[in-house]
Amino acid sequence: MKKIIVIPGDGIGQEITASAVEVLKKVDEKFKIGMEYETRDAGGTSYEKFGSPLTDETLDACKKADGVLFGAVGGKKWDSLPVHLRPEKAIFGLRKGLGLFANLRPTKVYPELINSSPLKKELVAGSDLLIVRELVGGIYFGPRCESETKDGVEQAWDTEIYSVPEIERITKLAFETAKIRRGKVTSVDKANVLAASRLWRKVVVDVAKNFPDVELNHLYVDNAAMQLVLNPKQFDVIVTNNIFGDILSDEAAVIGGSIGLMPSASIGEFTSLYEPIHGSAPDIAGQGIANPMGTILSAAMLLRYSLNRDDAAKAIETAIDRTLADGYRTADIFTDGFKKVGTNEVTEIIIKNI
Ligand code: NAD
């Protein structure tokens with residue numbers, strides 16, 4: 001049996017993970033995967049029960065599992081807690097504890113939702129790209145100084161450090177992913193200015209030699225940021241460091257125009273974790289109107305990357321395409337002329353479409 005830890009978290013996390021588990025159960029029935037589920041707490045919900053946003057028991061259970069499906073954490077109620085007790089600490093604890101070294105964020109523009117994109121239709125139609133972001137290295141984790149005085153002037157600094165094995169690991173993942181997509185990798189760096197970027201580019205070129213079927217090109221990050229909105233269709237897989245990936249993945253997230261539909265995967269040394277990119281949406285929690293598609297698509301990524309079941313993943317993705325094509329919309333993506341549905345109703349329709 002494949003063991004999946006389900007962490008609903010806070011706010012709409014409860015509703016959307018319940019939907020995704022229902023969908024996984026249907027897929028399991030059809031594809032005979034053999035999956036079992038264990039629900040664990042994290043975030044504010046865990047703090048209320050155990051006095052900690054992430055317990056050691058939960059982290060251990062995740063380490064032993066085949067995959068983790070995560071909802072979202074956070075809420076006003078816990079905003080004034082000391083930093084180490086805040087819900088967001090659960091995310092950092094899981095990242096560190098599971099060695100989540102890569103974040104994968106696909107951006108797909110659904111033809112049915114193209115009017116929600118802030119960009120011109122003709123520019124974004126057909127875009128389907130994946131950002132592979134290094135998650136545990138670089139400037140966010142390098143040595144830093146919050147404040148020092150030099151020649152009578154206060155200054156602060158951070159350091160960008162990357163080692164060859166760190167770059168090799170993320171690059172290999174990007175190339176392997178490109179092989180099961182459209183076979184193109186764009187590496188984004190700032191090699192014209194930064195030493196760490198020059199090493200990045202050298203290692204990417206070396207790794208690429210093992211993937212002769214995958215096309216490689218390089219872009220400086222400033223140009224990449226521009227190209228993402230000028231011509232997003234040119235991209236298949238983008239691989240980049242922690243800080244550039246942080247910025248570019250948020251930029252890419254708006255191309256499709258629907259935050260409720262965006263999944264993500266964080267690939268780990270032990271176990272990988274799958275979650276929608278949005279937060280716990282406290283403003284709509286408990287109302288039964290949250291869009292569960294980002295979480296359901298995250299569950300599809302779990303099938304693809306942790307259980308090696310591309311067939312089952314595609315079945316979910318196709319079912320979502322069909323649900324949208326049939327005109328069903330949750331409140332966040334609803335416009336006149338379509339059928340408005342709540343979380344449970346849209347989940348049932350997706351399940352019927354599998
Ligand atoms: P948010 O993503 O939760 O919500 C932003 C807006 O989008 C809200 O209006 C919300 O109603 C809407 N929205 C988000 N997901 C939706 C969905 N699936 N269906 C329908 N509408 C949806 O961001 P926020 O309001 O800035 O943050 C709320 C809380 O979530 C905060 O405590 C924040 O720290 C936390 N947060 C957690 C994560 C995470 O767990 N990974 C990520 C981001 C924010």
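**Close-up 1. Packing of the buried residues of helix α4.** The buried residues of α4 pack against β1 (2–9), α3 (56–64), β3 (67–72), β4 (100–108) and β12 (273–276); contact here denotes heavy atoms within 4.5 Å. The model is predicted, with local features requiring pLDDT of at least 70 and side-chain atom pairs counted only at pLDDT 80 or more, whereas totals for chains, interfaces and linings use all residues. Residues are numbered from 1 along each chain as its sequence is written, and side-chain values use heavy atoms, with hydrogens and water left out. Helices (H or I, at least four residues) and strands (E, at least two) are DSSP runs, numbered from the N terminus. In α4, which spans residues 89–97, the buried residues are A90, L94 and G97. Viewed down the axis of α4, these residues fall within an arc of 75° and so line one face of the helix; the arc is that of the directions from the helix axis to the C-beta atoms. Buried means under 20% relative accessible area, exposed over 50%, and partly exposed in between (1.4 Å probe, protein chains only). After α4 comes G99, with a positive phi near 60°.

**Close-up 2. Buried residues of helix α8, and V229 in the same helix.** Helix α8 comprises residues 221–230, and V221, A224, Q227 and L228 are its buried residues. Because they cover an arc of only 110° around the axis, they are on the same side of α8. The elements against which they pack are β5 (128–134), β8 (184–189), β9 (215–220), β10 (237–240) and α9 (242–253). V229 also has its place in α8 and is partly exposed, with a relative accessible area of 30%. Not counting residues up to four places away in sequence, V229 touches L119, L123 and E251. The C-alpha atoms of V229 and D206 are separated by 29 Å, the two residues being 23 apart along the chain.

**Close-up 3. Surroundings of I238 in strand β10.** I238 is buried, its relative accessible area being 1%. With residues up to four places away in sequence not counted, I238 touches L129, L130, I131, V132, T186, V188 and L228. Of these, L228 is also one of the buried residues of α8. F175 is 63 residues from I238 along the chain, and their C-alpha atoms are separated by 9.8 Å.

**Close-up 4. The ligand and its shell.** Around the ligand there are 18 residues, of which V73, G279, A281, D283 and N291 come nearest; a residue counts as near if one of its heavy atoms lies within 4 Å of the molecule. The shell divides into eight nonpolar, six polar and four charged residues, where Ala, Val, Leu, Ile, Met, Phe, Trp, Tyr, Cys and Pro count as nonpolar, Asp, Glu, Lys and Arg as charged, and the others, Gly among them, as polar. An N or O atom in the side chain of E275 is 3.3 Å from a nitrogen atom of the ligand. Backbone atoms also take part: an N or O atom of A281 lies 2.8 Å from a ligand oxygen atom, and a polar backbone atom of N291 is 2.9 Å from a ligand nitrogen atom. Taken alone, the ligand exposes 800 Å², of which the protein buries 67%; accessible areas come from the Shrake-Rupley method with a 1.4 Å probe, and for residues only the protein chains shown count as cover.

**Close-up 5. D41 and its side-chain contact with K49.** D41 lies in the loop between β2 and α2 (44–50) and is buried, with a relative accessible area of 17%. A polar contact of 2.9 Å joins the side chains of D41 and K49. Such a contact is a pair of N or O atoms within 3.5 Å; within protein, one must be able to donate a hydrogen and the other to accept it, and residues adjacent in sequence count only if both atoms are side-chain atoms. Apart from neighbours within four places in sequence, D41 is in contact with I7, S46, K49, F50 and T58.

**Close-up 6. Two loop residues with positive phi, K32 and D151.** K32 is not a glycine, yet its phi is positive at about 50°. K32 is found in the loop between α1 (13–31) and β2 (35–39) and is exposed, with a relative accessible area of 66%. D151, likewise not a glycine, has a positive phi of about 50°. The loop between β6 (144–150) and β7 (153–158) holds D151, which is exposed at a relative accessible area of 77%.
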